[in-house]
Protein chains: 2
Amino acid sequence: MVEGLDAARMTCWRAYIESSQRLLTALEDELREGSELSLADYHVLVLLSEAPRQRLRMGELAGRLVFSPSRLTYQISSMRRRGLVVRESCPQDRRGSEAVLTAAGLLALRRAAPQHLAAVRARFMDDLDEAEVAALTRVFTRLGDRLRDHTATTRPRGEHAASREPRDEHADSREPRGDRAAS
Amino acid sequence: MVEGLDAARMTCWRAYIESSQRLLTALEDELREGSELSLADYHVLVLLSEAPRQRLRMGELAGRLVFSPSRLTYQISSMRRRGLVVRESCPQDRRGSEAVLTAAGLLALRRAAPQHLAAVRARFMDDLDEAEVAALTRVFTRLGDRLRDHTATTRPRGEHAASREPRDEHADSREPRGDRAAS
DNA sequence: AACAGGTATTTCAGATTTGAATGATGCTAT
DNA sequence: ATAGCATCATTCAAATCTGAAATACCTGTT
C-alpha cells in the first residue's frame with residue numbers, strides 16, 4: 001500500500017470533510033425552512049445581485065458556482081418558473097444567454113439573507129477567532145486559486161471554467177462591491 | 001437589512017464554500033477515472049473496513065456519512081449490486097440491517113486508496129504547513145462536534161443522528177484504529 | 001463567402017437524492 | 001401480555017444532477 005496521509009493530516013482531512021458536509025446540510029435545512037430558497041438558489045441570487053446589470057451569462061454563472069452546464073440550465077429554468085430570474089439572449093453573442101435577476105428575485109434574496117447569514121455565523125463563523133479566520137482565508141483562497149487554474153487547464157468541467165485570457169475581471173473579486181444587495 | 005458577516009468573514013466564507021466545492025468535484029472526478037468508485041462508495045468502504053467485524057448498521061453508517069436514510073438505502077443497494085457489500089439482518093434488533101464489506105469491496109478500496117489519497121495530498125494537503133493543518137483540525141473538529149450535537153438535538157436528519165444517550169462509543173472516534181484497511 | 005474547427009448552451013436519458021408515507025419491530029407502562 | 005408510542009429501515013414519486021449528444025452560433029482561413 002502506497003503511503004497515504006500522515007496521521008495529523010488524516011485527522012484534519014476527515015474532520016474537514018465530515019463537518020463541512022454537516023454544515024452545508026444544516027445551512028440548507030435552515031435556509032429552506034426560513035424561505036422558499038435552496039442554497040443553490042441563494043448563491044445564484046447573490047451572484048446576480050452583484051453583477052453589473054444584475055445579469056450574468058450562463059457560462060460565467062456555471063463557472064463561479066462550480067455547476068455543470070446542464071445543472072445550471074436546470075437550476076435557472078427552475079428559478080425562472082418561480083419568477084426569480086428571467087432569461088435574455090445575449091446581444092453580443094447569439095449563442096449565449098443571460099440570466100437576469102427580477103425584482104421578485106432580489107426581494108427573495110433580501111428577505112432570506114439576514115436569516116441565512118445569521119445561520120452562517122451561528123453555525124460556523126462566530127466560533128472562529130481572528131487568527132482562525134485569517135488562516136482559513138489564506139488556505140482556501142490559495143486552494144481556490146489553484147483549483148480554478150487546474151479545472152480550466154486540465155478538465156474543463158463542462159467547458160465553463162474561466163477563460164484562458166489573462167484574467168476575467170469578474171472572476172475572482174472577493175471583495176464587497178457597493179452594489180451588493182445582500183450580504 | 002440585518003447585519004451580515006464582517007468583511008473578513010465574508011471573504012473567508014466565500015473562499016471556503018467555493019474552493020471546497022471545487023475540491024470535492026476534482027477528487028470525485030479523479031477517483032472515478034482511476035477506479036469504479038464514487039466518493040460516496042469510497043467513504044462507505046473506508047468506514048466498513050474500519051468497523052469491528054467490517055460491518056455497520058444502516059443508521060450508524062448514515063449518521064457518520066451524513067446521509068439521509070433513504071439515500072443510504074439507495075447507496076448500499078447500488079454497492080450490493082456491484083458486489084462491494086452484502087447485507088445481513090441484525091440479530092440483536094430485527095428492525096435493523098447491517099452492511100457488510102465483502103472481499104471484493106475491500107480489494108476495491110485497497111486498489112483505489114493510493115491514488116485517492118495521493119489526490120487528496122496533491123490538491124489540498126501538501127500545500128498546508130503544520131500550523132495550517134493544526135488550525136484546520138482545530139476548527140473543523142470543533143465544528144463537527146457542535147454540529148453533531150445540534151443535529152442530534154434539533155432536527156434529527158432522518159432520525160439517524162447519534163442517540164441522546166451520554167455518548168455513543170463509536171460516534172466520534174477520529175483516531176486510527178489498527179484494523180484499518182486503507183488510509 | 002463558404003469551410004473548418006471551436007464555443008455556448010440546451011436537450012435527453014439515466015442516475016441519484018429527497019421527503020413523506022409505510023411496514024416492521026422494539027420498548028414502557030399498565 | 002398488550003396498548004401506545006418510539007425507532008429502523010425501505011419504498012415510492014417527484015426533484016435534481018450527470019454526461020453525452022445535439023444545436024446554434026462564432027471565428028479565422030482560404
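A residue is near a molecule or strand if one of its heavy atoms lies within 4 Å of it. With that cut-off, 66% of the atoms of DNA strand C within 4 Å of the protein belong to sugar or phosphate, and the rest to bases. What you have here is a predicted model, where local features need pLDDT of at least 70, side-chain atom pairs count only at pLDDT 80 or more, and totals for chains, interfaces and linings use all residues. Residues are numbered from 1 along each chain as its sequence is written, chains are lettered from A and ligands numbered from 1 in the order in which they are written, and side-chain values use heavy atoms, with hydrogens and water left out.

**The two DNA strands**

Let's stay with DNA strand C. It is surrounded by 20 residues, and the closest are Gly59(A), Thr73(A), Arg87(A), Arg95(A) and Tyr74(B). By class, this surface has three nonpolar, eight polar and nine charged residues. Here Ala, Val, Leu, Ile, Met, Phe, Trp, Tyr, Cys and Pro count as nonpolar, Asp, Glu, Lys and Arg as charged, and the others, Gly among them, as polar.

On to DNA strand D. Again 20 residues surround it, the closest being Arg71(A), Tyr74(A), Gly59(B), Thr73(B) and Arg87(B). Of the atoms of DNA strand D that come within 4 Å of the protein, sugar and phosphate account for 69%. The residue classes for the surface near DNA strand D are three nonpolar, eight polar and nine charged.

Which protein groups sit by the phosphates? The table lists polar contacts, meaning pairs of N or O atoms within 3.5 Å; within protein, one must be able to donate a hydrogen and the other to accept it, and residues adjacent in sequence count only if both atoms are side-chain atoms.

| Residue | Polar atom from | Phosphate oxygen of | Distance |
|---|---|---|---|
| Arg57(A) | side chain | DNA strand C | 2.9 Å |
| Ser97(A) | backbone | DNA strand C | 3.2 Å |
| Ser68(B) | side chain | DNA strand C | 3.5 Å |
| Ser68(A) | side chain | DNA strand D | 3.5 Å |
| Arg71(A) | side chain | DNA strand D | 2.8 Å |
| Gly59(B) | backbone | DNA strand D | 2.5 Å |

Around DNA strand C, the elements giving two or more residues to the surface are α3 (58-65) and α4 (69-81) of chain A, together with α4 (69-81) of chain B. Near DNA strand D, at least two residues each come from α4 of chain A and from α3 (58-65) and α4 of chain B. Helices (H or I, at least four residues) and strands (E, at least two) are DSSP runs, numbered from the N terminus.

**The sheet in chain A**

Chain A has an open sheet of three strands in the order β1-β3-β2, with antiparallel pairing; two strands pair if DSSP finds at least two bridges between them. At the edges stand β1 (55-57) and β2 (85-89) of chain A, each with a single partner strand, so one side of each has no neighbour in the sheet. From one strand to the next, the twist averages 25°.

β2(A) runs antiparallel to β3 (residues 97-101) of chain A, and five bridges join them. Arg87(A), already met as one of the closest residues to DNA strand C, has Ala99(A) in β3(A) as its bridge partner. α4(A) lies across β2 and β3 of chain A, running at about 120° to β2(A). Such angles run from 0 to 180 degrees between N-to-C directions, with axes being lines fitted to C-alpha atoms, for helices over the stretch in contact. Contact means heavy atoms within 4.5 Å.

**The sheet in chain B**

In chain B, three strands form an open sheet, order β1-β3-β2, and the pairing is antiparallel. Its edge strands are β1 (55-57) and β2 (85-89) of chain B, each pairing on one side only. β1(B) and β3 (residues 97-101) of chain B run antiparallel and are joined by three bridges. Opposite Arg57(B) you'll find Glu98(B) in β3(B). Helix α2 (residues 39-50) of chain B packs on the sheet, touching β1, β2 and β3 of chain B, and its direction makes about 90° with that of β3(B). α4(B) packs there too, touching β2 and β3 of chain B, at about 120° to the direction of β2(B).

**How the copies relate**

Chain A superposes on chain B by a rotation of 180° with 0.0 Å of shift along its axis (RMSD 0.1 Å). The two copies are thus related as by a two-fold rotation axis. The superposition is by least squares on the C-alpha atoms of residues with pLDDT of at least 70 in both. As for the interface, 97% of the interface residues of chain A are also interface residues in chain B, so the copies meet through the same surface.
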